[in-house]
Structures are given as structure tokens and as C-alpha cells.
Amino acid sequence: MMRAHRNHAGWWAALLHRLSGLALAIFLPLHFLALGTALGGADALDRFLDLTASPLVKLAETGLVLALALHLALGLRVLHVEFLPRPESRTRTVVAACFGIGIAVALLFALNLTA
Amino acid sequence: MSDTLSVSVHRGTSGARFDRFEVPRLPAQTVLDVVTWIQREADPTLAYRFACRVGMCGSCAMTVNGRPRWTCRTRVETAARDGRLTLEPLRNLPVVKDLVVDMAPFFAKWVKAEGVFTPRADLGADFAVVPPASPARAAADAAVECIGCGVCYSACDVVAWQPGYLGPAALNRSWTLVNDVRDGGQVARLAAVASDAGCHACHSHGSCTQHCPKALSPTASIAGLKRAVLRAALRGEA
């Protein structure tokens, strides 16, 4: 539940870090399952990969890249908190930079898909 | 500014009952002034706690519109922009009555975190010299101004999720002592803060730091403890 005491940059960063991590954890077994179709021969894999031409899958892929980039960038936030002096003096800047990195990477990926 | 303030106050111990009061607005009014007005003018049975009124004792901490704060240092206009206030006791502590919580579990965790100064056996009779510019003294300085008000403990979600968690204030206190060169209790202290209920349970939300009225950073202190525990483990001391 969203409560007033949670409405600050560090908490939002931690929430997105957790949610993107969960999304990636759910994706990973599905990814292996997809790769596993190759065990049924090249045709089986190719038929599955044909699905990636659909716009819906491209959108999902962009979401996945966003989750991955956000999770990685927010990991830098945790390293910043753990290892740099006076991390509290830069919280908002660091969180904004992490969100910026995540969104920029996802946008670049989406632009590349449509190119 | 309207003439009155609509104040909803937690009553009893259940969290279910809130009484509403219309309180006259005054210039430069603090939330503590509002609570005092209610008790003196509207309902003398209201229980709340305060002592110094000037941000030194920390006893007037409450949850004001969902945020833990010192009521004596919170102006009404900063907390209640729309003229409404909801006052609740601090979170994560047993409620005694109305706005008063039992601070005993909070301070019990300071003891559990070995937050008590234990002089080294070899200190000698003379004063220990601690150069103010030394890194350890600077690290202790950054954390030592805590007055134990419980705001960080109330803001911490990990305390809410894991009631055994020592919490930001106790760990912050431990960090000041880890940096005290006169202290001889470091092995026990690092073992205490390295437990499941200790520094490694912190999720780095930073709510403690966000809400600390003294602008301290328990988040940074906890990070320091994690590094100290790791160093001790690598040296085989913990």
C-alpha cells in the first residue's frame, strides 16, 4: 500500500528494483523454455521465433529490456549507497540517473526495433 | 488560511477509532500546539507525550498525515496544506493510548545491537586522545547526534515486515561505537549487528534517512556496518 512515509526517491527506486527483478526472474525460465524448443530441431525453434515478428512481442521485448536496464542501473544505486561517502546527499540525483539510464536504453532498443 | 483546522486524532489502542476536532488556526502554529489545544480545550482525556517543545528531547514524535515527525518542529502549514491533519502514534511500536507509544522495545534493540559503550581494558588512567579529524571520529560524528526519538524506526518498512529487525536507530548507534577507538566490545557488537536481524536485513529504502529530523543518515551507518562486518569476516574475526 502506498503511504505518505514511502513517497520519496529511495523508496520508489527500491520498489522498481524489486519489481524489475521479479519480472526478470519470471522471464528467465520462459527464456530457457524458448531456447529448449531447439532440442526439437531447428524448425521448432524457428517456428517459435517467428512469434517475435508480432508487434505485441516487440512491445513485451521492449518492456523486458526496460526491466533489465532499470534493474542494472538501480543496482548501481545500491552500490552507491553501500560504498560511497554521504550517499544521502545525492539520493535524488542518483535515482533520477538510474531511471534515466533505464528509460534511455529501452527507448534505444525500441527505436532500433522500428528502424 | 481558514480559521479552523480539521484534526482527526487516533484514540485508544486499536487503530480503529479516530475523533475529529476543529482547532483554531494561529500564525506559526506547530502540530504540537494543535495537540495541546485539543487536550486543554476540547478533550482532557487525550494522551500524548512531549517535554522540551524545541526539538531536543524527541518525545513528541507522532505520525502526522502518514509521516513520522517531531510535532514540535512541524508547522501546521507544512504538514496540512489543505487544512486537515490526521494524527496517529508512531508506527512499529505498541500503542499505550491515543498518541503515546511504548518505547521499551525500541531501546531494548539498542542494547541488543550492543549499543552500549564498553571501555577497552588497556585504556589506562589518562584520557584517550581522539583527533577530531581522524576518519573514525568523523564517521562517528556523522551519526552521533541521534536523540532516540524513534522517527526512523517508525518510518522503516523492514521493521514493520520483520519485527525482530534491530532497526535504523540501534544500528546507527552501533556504528558510532564501531568507530569509537576507546571501545573494547567490537567482536560482540559486530556479531550482534551481523545477525539475521541486523544490518544485512536493511533494504536500502532510505526512509529512515528521509524522515530523520536531525538529518542523520542511518542508511549510511548501516552500510558502514556491512563493510565493517565484511572486513572482520575476511580477517577471520567474526
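Read from one end to the other, chain A runs α-α-α-α, which comes to four helices and zero strands (helices, H or I, of at least four residues and strands, E, of at least two are DSSP runs numbered from the N terminus). The model is a predicted one, with local features needing pLDDT of at least 70 and side-chain atom pairs counting only at pLDDT 80 or more, while totals for chains, interfaces and linings use all residues. Residues are numbered from 1 along each chain as its sequence is written, and chains are lettered from A and ligands numbered from 1 in the order in which they are written.

Chain A has a radius of gyration of 18 Å, where a compact globule of 115 residues would come in near 13 Å (taken over C-alpha atoms, with the globule rule being 2.2 Å times the number of residues to the power 0.38). Its C-alpha atoms fill a box of roughly 55 × 30 × 30 Å along the principal axes. Just 20% of the 115 residues of chain A count as buried (20 or more other C-beta atoms within 10 Å of a residue's own, C-beta atoms being placed from the backbone). Of the chain A contacts with a separation of 6 or more, 76% link residues 24 or more positions apart (a contact needs C-beta atoms within 7 Å).

Chain B splits into domain 1 (4-101) and domain 2 (104-234), with bounds from an automatic or database domain assignment. Their C-alpha centres sit 29 Å apart, and 15 residues of domain 1 are in contact with 15 residues of domain 2. On the domain 1 side, strand 3 (61-64) and strand 4 (67-70) each supply at least two residues, and the largest share, four residues, comes from strand 4.

The largest nonpolar core (buried Ala, Val, Leu, Ile, Met, Phe, Trp, Tyr and Cys residues joined through C-beta atoms within 7 Å) has 63 residues, and Val7(B), Val34(B), Leu85(B), Leu171(B) and Leu225(B) have the most contacts inside it. Both domains of chain B give residues to this core, so it lies between them. Leaving out residues up to four places away in sequence, Leu225(B) touches Leu171(B), Ser174(B), Trp175(B), Val178(B), Val193(B) and Cys199(B). A second, separate core of 12 residues includes Ala14(A), Leu74(A), Val94(A) and Val95(A).

Where the chains meet, the contact takes 18 residues from chain B and 15 from chain A. Strand 4, helix 9 (207-211) and helix 10 (218-234) of chain B each give two or more residues to the chain B side.

Note on methods
Two residues are in contact if their C-beta atoms, placed from the backbone, lie within 7 Å.
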